[in-house]
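The following explanation is intended to be read with the sequence and the coordinates at hand. It proceeds from the chain as a whole to individual residues.

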Amino acid sequence: MGPAKLDAKFSDPGNGTAKALAEAEGISVGAATSRLRSIDNAARQIRKLEERFPERYAGAVVEIVRGKAKVVVYRTGQADLADADLDPKVAGSIEQRSAKMSRGQMKKFGRDLAEKLEQLGIEADIAVSAPLHSVRILARDPSSVNRLVDIGQLELDDFVTVEQFDGIVTTAPSNIGSGHAANTDTTLCTVGFTVLRTSTGERGTTTAGHCGNRLKVSENYSSTYTSSSQASTSFKGQWIRSTNLDFGIDLQWHTSSATPVPQIWNGSNWVGITGGKDDLAGEFVCKFGRITGQICGTIDTHEYYDSTYRGYFPRVNRAPGGPQLNIEGDSGGPVYQGSLAVGWVHGRDAIYNMYYTPLRNLSQNGTGLAVLTIYP
């Protein structure tokens, strides 16, 4: 066993994610597996580009053209990003297009705008997309923003729009103040991944940071909690707001007398975690929550700055007419693609799109935690 990295190869034992994608798109499981694998191969190459050229990398988007996936990298400037370490076969399938701002520049723009709106007394979240060169002010009262623009107290660039938004709601029940959390009974939060504190080797389990700090789990880590044979747990720490405003995080972890194992329940099978992955806009991912079970969707092109948690959280879009992606009780549940960890459920909006803490934010916030895998 060992800590998960963000560049693990696609693995989908039991075809859990592929079956969900096949059903959603009306394609065969084989075609779904092929699409997921090809996107994953491209994503690992793109991660190299992002690390090598952070000042020019603007983002990547998965596009589906005539049923086949194409990955597009956006970069500032006219010259393509090139790296000698890229796999030529995979790199040749990645199209590059021009963007006006890098991802880092766009996220800083959104963060600064959120802070300015807060100073002006405006309650709003921010959505940014460097590939689309788009910033959306998600205001509880759009007229209050427009009023400030009209009287000259706020000046907005032409790529900034204003729309009504009721906010991101964390999916822990209102009675969470009782202090219990995670995979405990029928009313509270959901267990996420098994994690490792890399400095000490301690092994623990996670849920959302906004849940209560008393975790109860069954000794057998069953997919269905029972009040008998509870393992004792010890709260170790939590991150409710990011230490660096560029990165959102909503996580807590506990050690347990029942040694956690690196696997998750996806609603029908136990799946051993084989690694982690970064996420791309347009990718298909799944989540498991104690209330709604496994539901899957596509990652949105925008990144969402939650003004309450002061950080960016990706959004997974609910399919038109499809089931709610997450509701109260699902907080902290694992977000995954096959056997690869992607993140943890953070919350929802009024139409039940899902927002999550991405795995990459653990290292970028210096938590000292890593998701544990079945591999050394």
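The paragraphs below treat the overall fold, the disulfides, one helix and a few single residues.

The model is a predicted one. Its protein chain contains six helices and 26 strands. The radius of gyration is 20 Å, close to the 21 Å that the globule rule gives for 376 residues, so the chain is as compact as a globular protein of that length. Taken along the principal axes, the box filled by the C-alpha atoms is roughly 60 × 50 × 45 Å.

Several totals describe how the chain is packed and what it presents to its surroundings. Of the 376 residues, 56% count as buried. When contacts between residues at least 6 apart in sequence are considered, 65% of them join residues at least 24 apart. The accessible surface amounts to about 15,600 Å², and carbon and sulfur atoms account for 48% of that area. As to charge, there are 39 positive and 40 negative side chains. The centres of these two sets lie 5 Å apart.

The covalent cross-links come next. A disulfide is a covalent bond between the sulfur atoms of two cysteines. The structure holds two disulfides, and with bonded cysteines counted along the chain they follow the pattern 1-2, 3-4.

One disulfide joins C189 to C211, with an S to S distance of 2.2 Å. C189 lies in the loop between β9 (180-181) and β10 (194-197), while C211 lies in the loop between β11 (203-207) and β12 (214-215), so the pair ties together parts that are 22 residues apart in sequence. Because the torsion about the S-S bond of C189 and C211 is about -100°, this disulfide is left-handed. Both cysteines, C189 and C211, are buried.

Another disulfide joins C286 to C296, where the S to S distance is 2.0 Å. Here the partners belong to strands: C286 is in β20 (residues 284-289) and C296 is in β21 (residues 293-306), and the two cysteines are ten residues apart. The torsion about the S-S bond of C286 and C296 is about 95°, so this disulfide is right-handed. C286 is buried, as is C296.

Strands β20 and β21, which hold C286 and C296, also figure in the packing of helix α1. This helix spans residues 16-25, and its buried residues are G16, T17, A18, A20, L21 and A22. The buried residues of α1 pack against α2 (29-52), β20, β21 and β23 (334-337).

What backbone angles occur beside this helix? Just after α1, G26 takes a positive phi of about 70°. In the loop between β1 (2-3) and α1 is N15, whose phi is near 60°, a positive value in a residue other than glycine. Most residues other than glycine have a negative phi. N15 counts as partly exposed, because its relative accessibility is 30%.

A further positive phi in a residue other than glycine is found at R310, where the angle is near 55°. R310 lies in the loop between β21 and β22 (311-317). With a relative accessibility of 21%, R310 counts as partly exposed; the cut-off for a buried residue is under 20%.

Two further residues give a sense of the distances across the model. P131 is found in the loop between β5 (124-129) and β6 (134-139). Is P131 buried or exposed? Its relative accessible area is 17%, so P131 is buried. Leaving aside its neighbours within four places in sequence, P131 is in contact with A58, G59, V61 and Y74. By contrast, the C-alpha atoms of P131 and P260 are separated by 40 Å, and these two residues are 129 residues apart along the chain.

L215 lies in strand β12, one of the two strands that flank the loop holding C211. At 3% relative accessibility, L215 counts as buried. The C-alpha atoms of L215 and L49 are separated by 40 Å, the two residues being 166 residues apart along the chain.

Key: Residues numbered from 1 in each chain as written. Predicted model: local features only at pLDDT ≥ 70, side-chain atom pairs only at ≥ 80, totals over all residues. Heavy atoms only, no water. Helix = DSSP H or I, 4+ residues; strand = E, 2+ residues; numbered from the N terminus. Rg over C-alpha atoms; globule rule 2.2 N^0.38 Å. Buried < 20%, exposed > 50% of the residue type's maximum accessible area, 1.4 Å probe, protein only. Contact = heavy atoms within 4.5 Å. Areas by Shrake-Rupley, 256 points an atom, 1.4 Å probe, with all protein chains shown as cover. Lys, Arg positive; Asp, Glu negative; His and termini not counted. Charge placed at Lys NZ, Arg CZ, Asp CG, Glu CD. Disulfide = S-S within 2.5 Å.
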